[in-house]
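Grab a pencil and work through these exercises with the structure open beside you. Each task comes with a solution in steps.

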Amino acid sequence: MTFTIQQALIPVDDGYANVDVQIQDNAIAAIDANLEVVGTAVDGKNKLLLPGFVNAHTHSSEMWQRGLIPPVPLELWIAELYDFTPLEPDQVYLSALGTAVETLLSGGTSVVDHLVLIPGKEIETIAAAVRAYKEIGICAFIGPLIQDETLTRGIPTGGKETEHEAYIRSTEATLALMQEAVDKFHNPAEGVYVLVAPTGIQLCSDALFQGCIELSDHYNLCRHAHLLETKAQQFLAQEKYGCSAVEHLKRIGYLSPRTSLAHCVHLSDADIEILAETQSTVVHNPLSNLRLGSGIAPILKYLQAGVNVSFGCDGAASNDSQDLLEAIKIGSILHNITDLDYHHWITPRQSVEIAAFGGAKGLNLADEMGSLAVDKKADLVLYDLTSLSLLPRTDPIGLLILGRPAQAVDSVWVNGKRIVADGKVTTINVEDLRKELFERSEWATNRQSKTLGEIEAHYRSVMGLPEGVKKGYS
Ligand SMILES: [Zn+2]
């Protein structure tokens, strides 16, 4: 695609500048005042141009349960989530579209979908998500969510002998499935990347991690996982390995410059040094960490230690939306209460850098995307500075990050293709999506999760909580 955005506002060192941006062959060809128009002219007047952000961790199919799961910690929340998880690839297709629409309309051009697989229909699940992302045109990084241990193993035993059922699929079969997913769907030229993404140390064996490392090395795939999201996982790592989860992952070779780790709430200073040394990326999911009571990730410490950080929404059942600007806002100001020294606090411009460049770096694509620079891919977002939520005219980035932007995204280009224009997604029919989401769901309250009932007493006991099970969460 060839076009020229005229007279857009972009951030520069000492404020803002009005520039023209030429795009040729899907990449930024020139940025300067008063360039000649190549291709189509796009009016950028009174609009802010920023690089696209990365929604660096989500689970698209959780959209079917957003707003529904009561306020409980991760280990109980996940039991309920899986009791009611979608079972049809069609649903996965629709929720992937929904996730993409919300991401695009809040400044994102890439999404990392840690995709929950429907048992027995794993490849169909991935195919459904790939179809959705290709149709809408967002750049998609799909990490099929794999594990080889059952859910109950994710809770520390507290020293008690505990019986666990075998997981539904063997480690070998899971790795074969990953191989098939890579063969069928990994296609960077078309904006679809497959990641290896074991869910985390809580439910995965070393053999599974090892197989993922081999695939990642062979095909140059990025690596993803949850890491130390909760206190319970911190206890579990000690039980399982006798050391921290970070030390263990380093020992088995999972950490690398192309490894991104979601949450990272409960890390020691020594763990943080390991992340810096291995150049791993932390994906900050502040809303989910608050929603599930997981804690506040020490993001200021990560930044000071030189660890790369990016932002994620996390799945919509623990957030409960996919508004990237909301996650960026909370994920930036949340840390002001953790450090008296305001020199360490995250500025709005730093937030933009974390969301765009940090996201790109975490996907090993810092050379290709994540900033407004010549030769980078045209993953661009134009914000309408005449939108009521961005008025009156103050500091555009200050207000975009610290305010509550509503309908502020005017246009989005992914790899040079315009997929949002005049605030509307142009590649799919959003009205049809709205109807499908309505018709395929129903209002529900107080549903009963069988698994949650089974594990709650044990969870309370290992976490040192008083006995007793609360009836009826809602
Ligand atoms: Zn997650």
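**Exercise 1. Work out what helix H12 lies across, and at what angle to S13.**

Step 1: Find helix H12 at residues 348-362; it lies across S11, S12 and S13. Helices here are DSSP runs of H or I with at least four residues, strands are E runs of at least two, and both are numbered from the N terminus.

Step 2: Read off the angle: H12 runs at about 115° to S13. Axes are lines fitted to C-alpha atoms, for helices over the stretch in contact, and angles run from 0 to 180 degrees between N-to-C directions. Contact means that the C-beta atoms of two residues, placed from the backbone, lie within 7 Å.

Before going on, a word on the model. It is a predicted one, where local features need pLDDT of at least 70 and side-chain atom pairs count only at pLDDT 80 or more, while totals for chains, interfaces and linings use all residues. Residue numbers start from 1 along each chain as its sequence is written.

**Exercise 2. Lay out the sheet that holds S13.**

Step 1: Put the strands in order. You get S10-S11-S12-S13, an open sheet of four strands with parallel pairing. Strands count as paired if DSSP finds at least two bridges between them.

Step 2: Look at the edges. Strand S10 (223-227) and S13 each have a single partner strand, so one side of each is left without a neighbour in the sheet. From one strand to the next, the twist averages 30°.

Step 3: Check the register. Strand S11 (residues 259-263) joins S12 through three bridges, with Ser260 opposite Thr281 in S12. Strand S12 (residues 281-284) in turn makes four bridges with S13, and there Thr281 stands opposite Asn308.

Step 4: Ask what happens on the two faces of S13. In a regular strand, side chains alternate between the two faces of the sheet. In S13 (residues 308-311), Asn308 and Ser310 are buried on one side, and Val309 and Phe311 are buried on the other. Buried means 20 or more other C-beta atoms within 10 Å of a residue's own, with C-beta atoms placed from the backbone.

**Exercise 3. Do the same for the sheet that starts with S6.**

Step 1: The order is S6-S7-S8-S9, an open sheet of four strands with parallel pairing. Strand S6 (53-58) and strand S9 (192-194) are the edges, each pairing on one side only. The twist averages 15° from one strand to the next.

Step 2: Count bridges between strand S7 (residues 108-116) and strand S8 (residues 139-145): there are seven. Ser110 is set opposite Cys139 in S8.

Step 3: Add helix H3 (residues 122-136), which lies across S7, S8 and S9 at about 165° to S8.

**Exercise 4. Explain why helix H1 counts as largely enclosed, and describe how it packs on H15.**

Step 1: Eight of the ten residues of H1 (residues 74-83) are buried, so the rest of the structure largely encloses it. Among them are Leu74, Trp77 and Ile78.

Step 2: Find the cover. It includes helix H6 (231-241) and helix H15 (450-462).

Step 3: Take the geometry. H1 and H15 pack at about 165°, with axes 8 Å apart. That makes the two roughly antiparallel (the label for angles over 145 degrees).

Step 4: List the meeting residues. On the H1 side they include Glu75, Leu76 and Ala79, and on the H15 side they include Lys450, Ile455 and Tyr459.

How values were computed: Buried ≥ 20, exposed ≤ 12 C-beta atoms within 10 Å, placed from the backbone. Parallel < 35°, antiparallel > 145°, perpendicular 65-115°, else oblique.
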